[in-house]
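Reader: I am new to protein structures and would like some help. Could we go through one together, feature by feature?

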Amino acid sequence: MTQEQAIRDQVAQDYAKAVLRPGAAPSSSSCCGVDACCQPEQKGVAVKSAGYSADELASLPEDAVVNSFGCGNPTAFTNVKKGDVVLDLGSGAGIDILLAAKKVGPTGRAIGIDMTDKMIAKANENIANSGLDNVEVRKGIIENMPIEDASVDWVISNCVINLSPEKTKVFKEIARVLKPGGQVLVSDLVVEDLPESVRNDPRLYSCCVSGAINETQYLQGLRDAGLEDVEVVDRFVYNSEQLKAFLASEILEENTSSCCGSDSASGGLSAEQASAMASDLEGKIWSANFSARKP
Ligand SMILES: C[S@@+](CC[C@H](N)C(=O)[O-])C[C@H]1O[C@@H](n2cnc3c(N)ncnc32)[C@H](O)[C@@H]1O
C-alpha cells in the first residue's frame, strides 16, 4: 500500500468513528474547526458559526446538521443558479449537497463524493429524510473523482482538501470535471508557520491541522491546475480560546467518536498539552474561502 493510501485509510477510519450513532450526544463528534467557533457541547450553535443561517439549518434533517464537520458554508459564497450541477468534494453527512440541491432546484443536480462508507450511509439517510430527489453521493476519492470530464458547473468543498495527501491531484481533478466557465468555491483550513512538532503530530491529521497548507500554496495549486481568477474571498481566524475548545473537544476524548486521533495508537493529548498547543497555534490557523474559475 502507498503512504498516500495509508493516510486516506486512517482518515476514513477516523471519520467513520466520528459519525454519530442515532441518539448519541452531538458533543463528541466535532471535527475540522466547526467547534473552534463555539462551546463544544453546543453543536447547533457551532454549525451556525461556520456560516450557516438559522433558516438554512432549520431546512435540513437534524442529523445532517449535527454530523457537519466543515469550517465554512461554501454555497453561501456562490451564485449557484437553478439548473446548475454542483459537485461537493468530501460531502460527509450531506449538509452542503442538501443546501446545494435546494438552490439548483429540480432541473439541477447536487453530487457528493466521499470515501467513508459510514459517512455515505449517513448522507443517504439524510437525503432520504430531506425528500429531495436531485441529490446523490458517489463513493470515491477526490484525487480520482468518479465524475465525467467537463460535467459540473460548480465544485464546492468544506474542510476536506487539507486532508488529502495528494493535493496537486485534487486541484487537477477539479479542473478536469468543471465545464468551461465553471467555478470553484472551497472552504478549508489553512495554516502559516505551523510548528514542526504540530506538522509531524499524527494525532492532528484527521482534525484538519497537520495536513493543511498555506494560502499561497493553495492559490498556486489552483492556478497550476489551469484555473483562473483564483483568490481568497473570506477568512475566519481562530483565537486561542476557540482553538483550545477545538483541540480539547477533538483530542481529549478517549473511546468516543472524535475524529482527531484519540483512538489511534498514538493516544490523545492531555488538557495541558492541548492548552499549550492552542497558544502555539494562535494566528497560525484559519478558515479561508477560495474561489476560482475554469477558462
Ligand atoms: C471534515 S469532514 C467534512 C465533511 C463535510 N464536507 C462537512 O462539511 O460536514 C471530511 C470528509 O471528507 C472525506 N474525505 C477525506 N479525505 C477524502 C478523500 N481523499 N477522498 C474522498 N473523501 C475524503 C471524509 O470521509 C469526511 O467525510
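Author: We will look at a strand, its neighbours, the nonpolar core and the ligand shell. Keep in mind that this is a predicted model.

Reader: Is strand β2 buried or exposed?

Author: Six of the six residues of β2 are buried, so the strand is largely enclosed by the rest of the structure. R109, I111 and I113 point one way, A110, G112 and D114 point the other way, and all are buried.

Reader: Which strands pair with β2?

Author: β1 (residues 85-89) runs parallel to β2, joined by five bridges; one bridge links L89 to I113. β3 (residues 135-139) also pairs with β2 in the parallel sense, over five bridges, and there D114 has K139 as its partner.

Reader: What do the helices and these strands make?

Author: β1, α5 and β2 form a right-handed β-α-β unit. β2, helix α6 (residues 117-130) and β3 form a right-handed β-α-β unit too.

Reader: And how should I read the core?

Author: Here is the general idea: in soluble globular proteins, nonpolar side chains tend to be buried together. In this model the largest nonpolar core has 81 residues, and L87 is among those touching the most other members. Leaving out residues up to four places away in sequence, L87 touches I111, I147, V152, W154, V155 and V177.

Reader: How many residues surround the ligand?

Author: There are 27, the closest being G70, G90, G92, T116 and N158. Among the elements giving two or more residues to this shell is β2, while α1 provides the largest share, four residues. By type, the shell divides into 15 nonpolar, eight polar and four charged residues.

Note on methods. Residues numbered from 1 in each chain as written. Predicted model: local features only at pLDDT ≥ 70, side-chain atom pairs only at ≥ 80, totals over all residues. Core = buried A, V, L, I, M, F, W, Y, C linked by C-beta atoms within 7 Å. Buried ≥ 20, exposed ≤ 12 C-beta atoms within 10 Å, placed from the backbone. Contact = placed C-beta atoms within 7 Å. Near = placed C-beta within 6 Å. Nonpolar A, V, L, I, M, F, W, Y, C, P; charged D, E, K, R; others polar. Pairing = 2+ DSSP bridges. Right-handed = clockwise from strand over helix to strand, strands pointing away.
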